Amino acid sequence: MHTYEPKSFSLPALDGISEKQIDAHLGLYQGYVKHINLLREQIADLTNEDAEKYAFAIESTRRRMGFEFNGMRMHEFYFPQWEGGSTSQTTGGALEKVLVEKYGSWDGFLTHFKKVGMSRGSGWATLCWDKKGKTPHVWWTVDHELGMLADVRILLAMDMWEHAYMVDYLPVEKMKHIEAFLKNLNWGVVEARFESALS
Ligand SMILES: [Fe+2]
């Protein structure tokens with residue numbers, strides 16, 4: 001059976017996000033990788049043991065796949081967005097053009113993205129490119145998987161679980177986490193994802 005391995009990320013020192021915060025968060029990410037492997041092993045074990053007897057257990061376990069798999073994958077979108085260091089807060093490229101078209105201005109897009117990020121509860125604010133609809137979307141995913149859009153390309157993913165910022169900020173300071181997340185972004189990573197989504 002294929003086994004997932006945790007990825008490593010070359011993160012620079014971040015402004016407003018501590019090393020302690022990042023280390024704790026990377027540990028949680030590694031937990032998702034461990035658990036998607038475990039979960040798949042358990043489905044296989046239960047199936048081999050007695051698929052009929054354990055039908056409910058197998059089904060319940062399979063239903064957790066979206067949570068563990070996306071918990072792994074969303075963090076693999078998250079951390080690399082800081083790799084290479086912070087850039088100017090506009091992309092100046094093709095992505096900026098489509099976002100300005102949809103949201104009126106770059107600031108209009110950022111305001112909207114932050115607003116979605118302030119949604120209540122644990123989840124992700126994400127920007128994607130819908131290749132079929134030829135349009136960007138910003139949306140909210142509860143946990144890692146509830147409300148996830150199918151067949152879109154993820155361009156920018158902002159972790160809004162409390163674990164993403166509680167070492168540095170209180171829940172009432174959620175906007176500070178959003179500002180720090182954005183301030184440290186390498187928009188080149190996001191722009192490159194967009195270019196690859198177009199091809
Ligand atoms: Fe996270």
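How many bridges join strand β1 and β2, and in which sense do the two strands pair? In this predicted model, β1, which spans residues 123-130, pairs with β2 in the antiparallel sense over eight bridges. Two residue pairs illustrate the register. Glycine 123 has valine 142 in β2 as its bridge partner, and tryptophan 124 stands opposite threonine 141, also in β2. The two strands form a hairpin with four residues between them. Within that turn, lysine 134 has a positive phi of about 50°.

The hairpin belongs to an open sheet of three strands, arranged in the order β2-β1-β3 with antiparallel pairing. Strands β2 (135-142) and β3 stand at the edges, and each has a single partner strand, so one side of each is left without a neighbour in the sheet. From one strand to the next, the twist averages 20°. In general, strands of a sheet pair through backbone hydrogen bonds, in either a parallel or an antiparallel manner.

Two helices that pack on this sheet can be considered next. Helix α4 touches β1, β2 and β3, and its direction makes about 80° with that of β2. Helix α7 touches β1 and β3, and its direction makes about 150° with that of β3.

These helices also meet one another. The axes of α4 (residues 94-103) and α7 come within 8 Å and cross at roughly 85°. An angle between 65 and 115 degrees counts as roughly perpendicular, and α4 and α7 are therefore roughly perpendicular to each other. On the α4 side the contact is made by Ala94, Leu95, Glu96 and Val98, which meet Val190, Glu191 and Phe194 in α7. By class, this contact comprises five nonpolar residues, no polar residues and two charged residues.

Within the sheet, threonine 126 lies in strand β1. Is this residue buried or exposed? Threonine 126 has a relative accessible area of 0%, and because the threshold for a buried residue is under 20%, threonine 126 is buried. Not counting residues up to four places away in sequence, threonine 126 touches Met74, Phe113, His137, Val138, Trp139, Ile154, Leu156 and Ala157.

Lysine 131, by contrast in position, lies in the loop between β1 and β2. Its relative accessible area is 39%, and lysine 131 is partly exposed. Which residues does lysine 131 contact, leaving aside its neighbours within four places in sequence? They are Ala197, Leu198 and Ser199. Lysine 131 and serine 199 are 68 residues apart in sequence, yet 9.6 Å apart in space from C-alpha to C-alpha.

Helix α6, at residues 174-183, contributes a further set of buried residues, namely Lys174, His177, Ile178, Ala180, Phe181 and Leu182. An α-helix has 3.6 residues a turn, so residues three or four places apart point the same way. The cover over the buried residues of α6 includes α3 (65-78), α5 (106-117), β3 (153-159) and α7 (187-198). Strand β3 thus appears both at an edge of the sheet and in the cover of α6, while α7 packs on the sheet and takes part in that same cover.

Finally, the UniProt record, an unreviewed entry, places the feature "domain: Manganese/iron superoxide dismutase C-terminal" at residues 93-193. The end C-alpha atoms of this span lie 12 Å apart. In secondary structure, residues 93-193 are 39% helix and 23% strand.

Terms used
Residues numbered from 1 in each chain as written. Predicted model: local features only at pLDDT ≥ 70, side-chain atom pairs only at ≥ 80, totals over all residues. Heavy atoms only, no water. Buried < 20%, exposed > 50% of the residue type's maximum accessible area, 1.4 Å probe, protein only. Contact = heavy atoms within 4.5 Å. Axes fitted to C-alpha atoms, helices over the stretch in contact; angles between N-to-C directions. Parallel < 35°, antiparallel > 145°, perpendicular 65-115°, else oblique. Nonpolar A, V, L, I, M, F, W, Y, C, P; charged D, E, K, R; others polar. Pairing = 2+ DSSP bridges. UniProt positions renumbered as here; feature names shortened; annotations may be inferred.
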